[in-house]
Amino acid sequence: MKAWQVAELGRPRDVLRLVEVADPEPGPGQLVVKVLAAPANFPDVLMCCGEYQVKPELPFTPGVELCGEVAALGEGVTGFAVGDRVLGGAVLPYGGFGELALLDVATTFPAPADLDDAEAASLYIGYQTGWFGLHRRAGLRAGETLLVHAAAGGVGSAAIQLGKAAGARVIGVVGGPEKAEVARKLGADVVVDRREEDFVDVVKAETGGRGADVVYDPVGGETYRRSTKCIAFEGRILVVGFAGGQIQSAALNHALVKNYSIVGLHWGLYNRYDPAAVADCHRDLTALAARGAVRPLVSERLALDEVADGVQRLADGVTVGRVVYLQGAAR
């Protein structure tokens, strides 16, 4: 089969190579799937650079999540059949940026019929992260104010939709007018272009000085530090990632004085410690998709030979929504 492969570490565009590799064989509890769609995620960027907490042995094919059609079943697999349309997390080195990929049955779920292949592929990591972060970790309640950073990106766009579905008032922070328009279309009640306005001032003005009840922060660094200036009494700052490239230090005396919580989220740990909750989340997300409350924003549908450039654009911070490799996409 054809697949993108990383044989040395570096910038995605520099190290990704489209090559012929052996087809994967399913082990016990595994599925081989024909890849229908696979979105680019920031972990794919970090793995190319050798900067992710998971460091697959070289060479490997990135693409951490996908939608696919079951092609072969490993020993002991039940609940799925050849031809089923599924989504889930890829088992490296056979990631989603190829014609075939490998999945563990434990992290494979039926793809929602209400979403197309590119949308279904994008429902897994970003929306599960948002659901666990907002509901399990931050306890978001109807009527609260949710501040979402990088609101036009993959995880941010999911957080806007999930926040609105939960009955929150959502303030989205973006960089640039194009991304601001995307956040508005996603349903954000207030949109802040950080290049033109100070989000701290806007949050205080929009909440009568109270601040945001929940901050969804996949950026880190200075964005986190500024968020502590507009967090409400008993607010929760949800640390999702560090896409800005800087891991901040938390001033715990400030958290004590202002009485707010700093909450971390490593969604992948739920697959290890509470897989039943991951399955419950997928059922909830499927129901939300069925009633139109969530629908992943797919901004680009790429042919296989366009994947490296798409991953690099994600790394450069110039994409909105999800950039997805779609098998059979026209150039």
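**Salt bridges, aromatic pairs and a cavity in a predicted model**

In this predicted model, the side chains of Arg184 and Glu181 form a salt bridge, with an N to O distance of 3.6 Å. Both residues belong to helix α6, which covers residues 177–186. Because Arg184 and Glu181 lie three residues apart in this helix, about one helical turn separates them. Arg184 has a relative accessibility of 45% and is therefore partly exposed. Glu181 is also partly exposed, at 37%, since the buried class ends at 20% and the exposed class begins over 50%.

Over the whole structure, the search gives 17 salt bridges. One of them joins Asp117 to Arg85, with 2.8 Å between N and O. Here the partners come from distant parts of the chain: Asp117 is in helix α3, Arg85 is in strand β5 (residues 85–90), and their positions lie 32 residues apart in sequence. The relative accessibility of Asp117 is 24%, so this residue counts as partly exposed. Arg85 falls in the partly exposed class as well, with a value of 26%.

A further salt bridge is made by Glu206 and Arg169, whose closest N and O atoms are 2.7 Å apart. Glu206 is part of helix α7 (residues 199–206) and Arg169 is part of strand β8 (residues 169–174), so the bridge ties together parts of the chain that are 37 residues apart in sequence. Glu206 is partly exposed, at 35% relative accessibility. For Arg169 the value is 31%, and this residue too is partly exposed. Salt bridges also occur as a network, in which Arg141, Glu144 and Arg236 are linked.

The aromatic residues were examined next. A pair of aromatic rings is described by two quantities, the distance of the centres and the angle of the planes. The structure contains four aromatic pairs. Among them is the pair of Tyr124 and Trp267, with 5.1 Å from centre to centre and 90 degrees between the planes, an edge-to-face arrangement. This pair links distant parts of the chain, as Tyr124 and Trp267 are 143 residues apart. Tyr124 is in the loop between α3 (117–121) and α4 (125–137), whereas Trp267 is in the loop between β12 (261–264) and α10 (268–273). Tyr124 has a relative accessible area of 3% and is therefore buried. Trp267, at 10%, also counts as buried.

A second edge-to-face pair is formed by Trp131 and Phe132. The ring centres of Trp131 and Phe132 are 5.1 Å apart and the planes stand at 75 degrees; planes over 60 degrees apart count as edge-to-face, which is why the pair is placed in that class. Trp131 and Phe132 are both buried. In addition, Tyr124 and Trp267 belong to one aromatic cluster together with Phe109.

Gly126 is located in helix α4. The relative accessible area of Gly126 is 1%, so this residue is buried. When neighbours within four places in sequence are left aside, Gly126 is in contact with Val155 and Ala158. The position of Gly126 can also be described relative to Asn41: the two are 85 residues apart in sequence, while their C-alpha atoms are 8.7 Å apart in space.

The last feature concerns enclosed space. The structure holds one cavity of 30 Å³ or more. The space in the largest cavity amounts to about 30 Å³. Its lining is made up of Ala38, Ala40, Phe97, Leu302, Val307, Val311, Val323, Val324 and Tyr325. Two elements, α12 (307–316) and β14 (322–326), give two or more residues each to this lining. Strand β14 provides the largest share, with three residues. By residue class, the lining of the largest cavity consists of nine nonpolar residues, with no polar and no charged ones.

Terms used
Residues numbered from 1 in each chain as written. Predicted model: local features only at pLDDT ≥ 70, side-chain atom pairs only at ≥ 80, totals over all residues. Heavy atoms only, no water. Phe/Tyr/Trp six-rings, centres within 6.5 Å; stacked < 30°, edge-to-face > 60°. Helix = DSSP H or I, 4+ residues; strand = E, 2+ residues; numbered from the N terminus. Buried < 20%, exposed > 50% of the residue type's maximum accessible area, 1.4 Å probe, protein only. Contact = heavy atoms within 4.5 Å. Salt bridge = Lys/Arg side-chain N within 4 Å of Asp/Glu carboxyl O. 1 Å grid on protein atoms, 1.4 Å probe; cavity = no way out; pocket = protein on both sides within 12 Å on 5 of 7 lines; lining within 4 Å. Points joined across faces, edges and corners; volume = space filled by probe spheres on them. Nonpolar A, V, L, I, M, F, W, Y, C, P; charged D, E, K, R; others polar.
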